[in-house]
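Dear colleague,

I am passing a structure on to you, shown just below, together with my notes on what was found in it. Please read the notes with the structure open beside them.

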Amino acid sequence: MEASSARRTRRLASLALLAGAALLSLAFAEVLARFLDLAPELGVIEVRTGHGTFMAIDHPVLRYVPKPGAAGISSYGLRDREYPLEKPAGVFRVVVLGDSIGFGYCTARELLPLPAVFPERMEATLEKGAASGIPVEFLNLSVSGYGTEEEIALLETR
C-alpha cells in the first residue's frame with residue numbers, strides 16, 4: 001500500500017510540475033507577444049450612432065448589420081456591388097459567409113476598397129479566366145465581428 005501511495009504522490013507531483021511549466025510557458029508567450037506588439041489590434045464597432053458602416057437592428061441573434069447605402073454597402077445591405085435580387089438565368093451564384101476578413105476590415109482599421117475584398121477579387125479572377133463562359137457572381141454576406149451563429153442567421157434572413 002505504501003508503494004502505491006508513493007507512486008500516486010509522484011504522479012501528482014509530476015502532473016503539477018507539468019501544469020506549472022505549461023502555465024509559465026503561456027505567460028512567457030503572452031508577455032513576449034505584448035512586448036513585441038504581435039497581438040492583433042481590436043476595434044470597437046459603433047452601431048448606436050446614426051452614421052457609419054453598421055446599424056443596430058432588433059433581432060435575437062443579429063445585433064447589427066451593414067447599413068444599406070453606406071460606403072461600399074449595397075442598397076440590400078451587402079458588402080458588395082448592386083445585384084438584382086432575382087438571379088438572372090444562366091448565372092452561377094456563390095454566397096460568401098465570413099467575418100472582418102471577408103468584409104474588408106483586415107488592415108489597421110482601414111476598410112479595404114470594394115475591388116480589393118477577396119470575394120470581389122475571386123469573382124474578377126473567375127471572369128477573366130472563365131473558359132466555360134458561364135457568368136459568376138459572388139454575393140458577399142460577410143460582416144465584421146460576426147461568428148458562425150450570426151453568419152447563419154444573416155444567411156437565413158437574406
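In what follows, a residue is called buried when its relative accessible area is under 20%, exposed when that area is over 50%, and partly exposed in between. By that rule E123, with a relative accessible area of 3%, is buried. Please keep in mind throughout that this is a predicted model.

To begin with the overall layout, the protein chain has four helices and six strands, and from the N terminus on these elements follow the order α-β-β-β-α-β-β-α-β-α. Of the 158 residues in the protein chain, 25% are buried, and the accessible surface comes to about 11,000 Å², with carbon and sulfur atoms contributing 63% of that area. Among the contacts in the protein chain with a separation of 6 or more, 56% are between residues 24 or more positions apart.

Helix 1

Helix 1 has 34 residues and spans 49 Å from its first C-alpha to its last, which is close to the 50 Å expected at 1.5 Å a residue. The number of buried residues among those 34 is zero, so helix 1 lies largely in the open. One salt bridge sits within this helix, where the side chains of R34 and E30 meet at 2.5 Å, N to O; the two residues are four apart in helix 1, about one turn of the helix. R34 is exposed, with a relative accessible area of 62%, whereas E30, at 39%, is partly exposed.

The end of this helix also takes part in a nonpolar patch on the surface, formed by F28, L32, F35, L36 and L38, which together have about 590 Å² of accessible area. F35 belongs to helix 1, which covers residues 2–35, and F35 is exposed, with a relative accessible area of 68%. Helix 1 is followed by D37, whose phi is positive, near 55°.

Strand 6 and its partner

Strand 6 gives the opposite picture as regards burial: five of the five residues in this strand (residues 136–140) are buried, so strand 6 is largely enclosed by the rest of the structure. V136, F138 and N140 point one way from the strand while E137 and L139 point the other way, and all are buried. Strand 6 pairs with strand 3 (residues 92–96) in the parallel sense, over five bridges, and within strand 6 it is N140 that stands opposite V96.

Just ahead of this strand, I134 lies in the loop between helix 3 and strand 6 and counts as partly exposed, at 44% relative accessibility. Leaving aside residues up to four places away in sequence, I134 touches G90 and F92. The C-alpha atoms of I134 and F92 are separated by 7.0 Å, although the two residues are 42 residues apart along the chain.

Salt bridges between distant parts of the chain

The count of salt bridges comes to four, and besides the pair in helix 1 I would draw your attention to two of them. R63 forms a salt bridge with E150, the closest N and O atoms being 3.7 Å apart. R63 lies in the loop between strand 1 (54–56) and strand 2 (64–66) and E150 in helix 4 (residues 148–157), so the pair ties together parts that are 87 residues apart in sequence. E150 counts as buried, at 14% relative accessibility.

In the other, the side chains of E123 and R81 meet at 2.4 Å, N to O. This pair likewise links distant parts of the chain, with E123 in helix 3 (residues 118–129) and R81 in the loop between strand 2 and strand 3, 42 residues apart. The buried residue E123 thus has a partner that counts as partly exposed, since R81 has a relative accessibility of 34%.

The loop between strand 2 and strand 3 also holds S74, which is buried, with a relative accessible area of 3%. Residues up to four places away in sequence aside, S74 touches P68, G69, D80, R81 and E82, so that R81 appears both in the contacts of S74 and in the salt bridge with E123.

With best regards

Definitions and conventions. Residues numbered from 1 in each chain as written. Predicted model: local features only at pLDDT ≥ 70, side-chain atom pairs only at ≥ 80, totals over all residues. Heavy atoms only, no water. Patch = residues over 30% accessible without salt bridge, like charges linked within 9 Å, V, L, I, M, F, W, Y side chains within 5 Å. Areas by Shrake-Rupley, 256 points an atom, 1.4 Å probe, with all protein chains shown as cover. Buried < 20%, exposed > 50% of the residue type's maximum accessible area, 1.4 Å probe, protein only. Contact = heavy atoms within 4.5 Å. Pairing = 2+ DSSP bridges. Expected span 1.5 Å × (residues − 1).
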